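I wanted to keep a short notebook on this structure, writing down each thing I looked up and what I found there.

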Amino acid sequence: MADKKEKKNKYKLKRTPVVAVLGHVDHGKTSLLDSIRGTQVQKCEVGGITQNTRAHEIKFQGQQITFIDTPGHEAFSEMRARGANITDIVLLVVAADDGVKPQTKESIKYAKEAGVPIIVAINKIDLPNTDVSKIKNELSQNNVLVEEYGGETQVFEVSAENNKGLEEMLEGILVQAEILELQKGKNKYDVSEAVVLESKLDKNLGAVSFVLVKVGDIKIGDFIIYNGKLSPVRALLDECQSDIEKAKESSPVWVLGCRDVIQTGERIYFAPGEEKAKEIAKQQKEEEKDQLEVEKQTQEEDMEEVDTGSLDDEESYDLNVLAGMLAEEQQNEDIKKLNVVVKTDTQGTLQVVLSELKKLNTPEVEVNVLSEGTGEITRKDILTAKNARGIVIGFQVSIPSELSKIIKQEKVIVRLYDVIYELIDEVSDAMEGMLQPPEVEEEIARALVKKTFVLTDGSIVAGCVVTNGNVIKGYNVWVERNGEEIGRGKIISLKHIKNEVKESAKGSECGILIEPQIELEEGDEIVLFKVVRT
């Protein structure tokens, strides 16, 4: 696709659009990207750095487009939480033979929260027995209204297998980018800037960061500025991990020369000379000092207002209680999430803990890592957990004494462990606590319809005799005819003779009015029920 001869650029975009490719597992995100690029991944990734995030640039009709694909949506959520919304457009991939699934819904939720327009690619359209109309209806039910139904969301029927519809889809992306009127980036330091997509410690290259350039261009020899520290850019590698001299705005690039392994979503800056870099580093340190002073003052003011009577409420810090509350809050979610902040003593230990937590995930509930790192637990960790209704997990680390009051004030659960199996056991128990038992409908009473009466307003009143239990006004009912359910409703009126009553006991006669109206007949049975958890 990307290898075809390009047409003259008819789009006057000021910068390259960045497109996040999201969707459910096995819906064909990777194969779709490969078809767009016109090459297989393994033919490109020869540089030796193992990576999770994929970002690719293609050229279509003379215009660059950057696609970003991560193994999950948490990375994008974390970037957004850090104020680094890198995405201009979300390309939502939905398999034509599968439809809207849990991760599809998560993708939609991410795009809505980020305020990013969605373009839908219904993939695998070449397969038999596909129902595109059904998928469009499912999208509408999840607040994605397609153009065909009067909405603004573009939908393209594509096949990564035979390249069907890909050019139309790319055209649609450029049309959307033109509508957005994308502007070149800028920042207060007036230098180049990038957002970290992925960062790691490579045994041969040291700290490396895979970044998306947000402002300006990055060149070899520029100075990296991050958290008041600076170091020169030693090398730049493109998406295929080949050496390049410069990376332009909206381009993905590997940066070698970072002093630290930088967290996903963090912003780093690049200055063309050491003098300018030192000036920015000094400014960052001053800004950090001012911010700490503000936070300290805010903390002192907040502590003066704390109701110390509530600090000893142990239930507030019970993990099982939290699990129950989360289960209730997320009862309508297909996949329930236990949000966690993870801190460990070393990078190696961190990877082990994260790996073990990942193994706990099930189709019903999973661990969602909000942030991760090494070293003692910080105020930022506490607030991150609080804002996401999560917990802080520390493995072989400590809590600074000054954080104790903040933890109590914010009522955040913090768990410290020295033994890995204790950590896993407790998190596993909490996840089980989030699984609500199945609901069943329990019959509580029956009434046999002896005769029906039609009122002047057309309502049908059933003259009944209670055959089992007590019939109670306000209860939900279903109606059976010859053992088959014919409708459901709620008792809105219950009368004995001519008097409105609340309850009719077994053996008594009563008049029952149900809403919504059901065409009742003599011999039908009205069954009262309640929903209980087993």
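The entries below follow my reading through a helix, some strands, two spaces and a few backbone angles.

**Entry 1: the kind of model**

Before anything else I noted that this is a predicted model, and I kept that in mind for every entry that follows.

**Entry 2: helix α3**

I began with α3, which runs over residues 102-114, and I asked how far it reaches from its first C-alpha to its last. The helix has 13 residues and spans 19 Å, which is close to the 18 Å expected at 1.5 Å a residue. Next I asked which residues of α3 are buried. I found T104, E106, S107, I108, Y110, A111 and A114 on that list, where buried stands for a relative accessible area under 20%. To read such a list I reminded myself that an α-helix has 3.6 residues a turn, so residues three or four places apart point the same way. Just after the helix I came to G115, whose phi is positive at about 70°.

**Entry 3: the second largest pocket**

I then looked up the second largest pocket, which holds about 280 Å³ of space. Its lining is made of 15 residues, and those nearest the centre are P117, I118, E152, T153 and Q176. Which elements give two or more residues to this lining? They are α3, which I had just studied, and α5, which covers residues 166-180. When I sorted the lining by residue type, I counted 7 nonpolar, 5 polar and 3 charged residues.

**Entry 4: strand β7 and its partners**

Is β7 mostly covered or mostly uncovered? This strand, residues 192-202, is mostly covered, with 9 of its 11 residues buried. I followed its pairing with β8, residues 206-215, and found an antiparallel arrangement held over 9 bridges. A hairpin of 3 residues connects β7 to β8, and across this pair L201 stands opposite A207 of β8. β7 also runs antiparallel to β16, residues 267-271, to which 4 bridges join it. In that pairing, V195 has R267 of β16 as its bridge partner.

**Entry 5: an open sheet of 4 strands**

Further along the chain I looked at an open sheet of 4 strands, and I asked in what order they lie. The order is β18-β17-β19-β20, and the pairing is parallel. The edge strands are β18, residues 365-374, and β20, residues 413-417, each of which pairs on one side only. On average, neighbouring strands of this sheet are turned by 25° against each other, with direction ignored. I then picked out one pair for a closer look: β17, residues 336-344, and β19, residues 391-395, are joined in the parallel sense by 5 bridges. Within this pair, V340 has I391 in β19 as its bridge partner.

**Entry 6: the cavity**

How many cavities of 30 Å³ or more does a search of the whole structure find? The search finds 1, and about 60 Å³ of space lies in the largest cavity. Its lining consists of I224, Y226, K229, L230, S231, C258, R259, D260 and I262. β10, residues 223-226, and β11, residues 229-232, each supply at least two of these residues, and the largest share, 3 residues, comes from β11. By type, I wrote down 5 nonpolar, 1 polar and 3 charged residues for this lining.

**Entry 7: less usual backbone angles**

I ended with the backbone, keeping in mind that most residues other than glycine have a negative phi, and most peptide bonds are trans. Where does E181 lie? E181 is in the loop between α5 and β7, and its phi is positive, near 50°. I recorded E181 as exposed because its relative accessibility is 59%, and the cut-off for exposed is over 50%.

N482 also has a positive phi, near 55°, and it lies in the loop between β24, residues 476-481, and β25, residues 484-496. With a relative accessibility of 78%, N482 therefore counts as exposed.

My last look was at the peptide bond from E515 to P516, which is cis, with omega near -5°. P516 is placed in the loop between β28, residues 509-515, and β29, residues 525-533.

Note on methods:
Residues numbered from 1 in each chain as written. Predicted model: local features only at pLDDT ≥ 70, side-chain atom pairs only at ≥ 80, totals over all residues. Heavy atoms only, no water. 1 Å grid on protein atoms, 1.4 Å probe; cavity = no way out; pocket = protein on both sides within 12 Å on 5 of 7 lines; lining within 4 Å. Points joined across faces, edges and corners; volume = space filled by probe spheres on them. Nonpolar A, V, L, I, M, F, W, Y, C, P; charged D, E, K, R; others polar. Pairing = 2+ DSSP bridges. Axes fitted to C-alpha atoms, helices over the stretch in contact; angles between N-to-C directions. Expected span 1.5 Å × (residues − 1). Buried < 20%, exposed > 50% of the residue type's maximum accessible area, 1.4 Å probe, protein only.
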